[in-house]
Amino acid sequence: MASKSRLKWGRLFIWYVVLSALILAGGALFAPLDSILYNTLAAQAGKTQDGQAIHLLQEGDATPVSESLTIETRRLVCPSVGYINLRKEQLMESYAAVDMRAQDFAALLNKISQSGVRNLAISAPFIWEGGTQDAGQLVLCATLQNKKYFERTVLGMRGRTSAQADLTPIQFRSFVIPSHQVKGDVSLLPAANRQVENDLDTADDTTQLTWAPDWLEDEPLTQIPAAVDDRSFPLLMRWNGEILPTLPLRMALSIRSCNPDKVKVDLGNSISFDGITLPIDSHGRLTLKNTHVQELGLADLIDGKAELKDETGKFKLAVLGQPLTDQEPAARTQLMAATLSQLCAYTVTDTKLVPGEPLPSLCYRPIVSSYWLFIVTVLVGLFFVLLILPYFPGVLRLLALFGALAYALNHVWGDMQNGYWSHAGLLTIAWVLLFWAVSSLKPEKKRNIFSSSRRR
């Protein structure tokens, strides 16, 4: 009678318990293996790049994002600069006369300070009808030096070119730009060698005031705005061959507490000071861009209605312009204000927060949606697999095992393409153990009493 095959039930029970417990409760044990497998598959599928890790999310986890980036951009902001024109029509309207006395000029400075101006550049001839008496000089100089009115005042000195040059005014000598810091052809800069006298020359405190070259006779660039709309007032002049900052640049350097030895000039290219670099042409003029100016009317100043509106509140700067003749255009004072606005531009740092981008991640999705159905499926299915599969012939058994592995990998791959993951590490380990279990549970043939004796 033929022999019968039998399973080793004790061994089957042990494998059943081990595999059931492993599959039902061992998912978390193989989390590192899950990470390795999915990172490998994600790289092959192009879901991650340059060694980027993929995140395996549990139910309820939020999608991780990269760190937010703080982007800083720097830009130059030009402050608003006020300007006041003392032309005949304005003087007639407010003073019923075209000539002011030095005391009237001092009173006007008080009104200007009340409008919010704290730094004042004055482009005026400082010539009054009948000259200026000692009392008028004293009052005006005291007003110009009084910090109660202005933190800084710079006065424009007029000049001309004469066959017989004078010495450079003492007020300029401490503010000469070193020649080795000026590159380019200086012959195109406005030039003078002699001061145009004014009524403050004899004042005791005239050398205590801050002066700068301003209007130059026979130098149109200093008298009228350029035909090119975006050109500034010249920043530099030659006085007896020395390079001096003009009224706008002198005021800007004073506000920035910048000495002339810190100024670097490359005519036709740029001028640098106080950490900023601005383009200039061969005549020493800026290209004006994004400047802001505000007219302060004389009548409003006298009535106390004028107010300098500089939102930055950084400089509170204005230019006071008084022409000597009607030929001097009103636009000259406005041009000086625009030049100062450009020269006093300051750097503003804008900060922008860029939110982080979602990082590569997969959401957990169990193979069987219902937990209880999963338990029943594992317990019942595993029992029948361990009970039946060992009886399969060797080739069929291998086909069944590797077919199941291929199906599982295809399922894992498809889920990953759709943004999901499952415990692939656990499935891999379980399959290896199942392969071992099925091989070890191969039925043994049992001989009965009618079987022939084994030959020795």
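**Exercise 1.** Which residues does Thr143 touch, not counting residues up to four places away in sequence?

*Solution.* Before starting, note that this is a predicted model, where local features need pLDDT of at least 70, side-chain atom pairs count only at pLDDT 80 or more, and totals for chains, interfaces and linings use all residues. Residues are numbered from 1 along each chain as its sequence is written, and side-chain values use heavy atoms, with hydrogens and water left out.

- Step 1: place Thr143 in helix H5, residues 134-145 (helices are DSSP runs of H or I with at least four residues, strands are runs of E with at least two, numbered from the N terminus).
- Step 2: search for contacts, meaning heavy atoms within 4.5 Å. Beyond that sequence window, Thr143 touches Ala106, Leu109 and Tyr149.
- Step 3: check burial. Thr143 counts as buried because its relative accessibility is 9% (buried is under 20% relative accessible area, exposed over 50%, partly exposed in between, with a 1.4 Å probe and protein chains only).

**Exercise 2.** Now try Ser20: is Ser20 buried or exposed?

*Solution.*

- Step 1: find Ser20 in helix H1, residues 9-25.
- Step 2: read its relative accessible area, 6%, so Ser20 is buried.
- Step 3: list its partners; leaving aside neighbours within four places in sequence, these are Val378, Leu379 and Leu382.

**Exercise 3.** In what sense do strands E11 and E12 pair?

*Solution.*

- Step 1: E11 covers residues 236-239 and E12 covers residues 242-245.
- Step 2: the two pair in the antiparallel sense over four bridges (pairing requires at least two DSSP bridges).
- Step 3: Trp239 stands opposite Glu242 in E12.
- Step 4: E11 and E12 form a hairpin with two residues between them, and Asn240 in the turn has a positive phi of about 55°.
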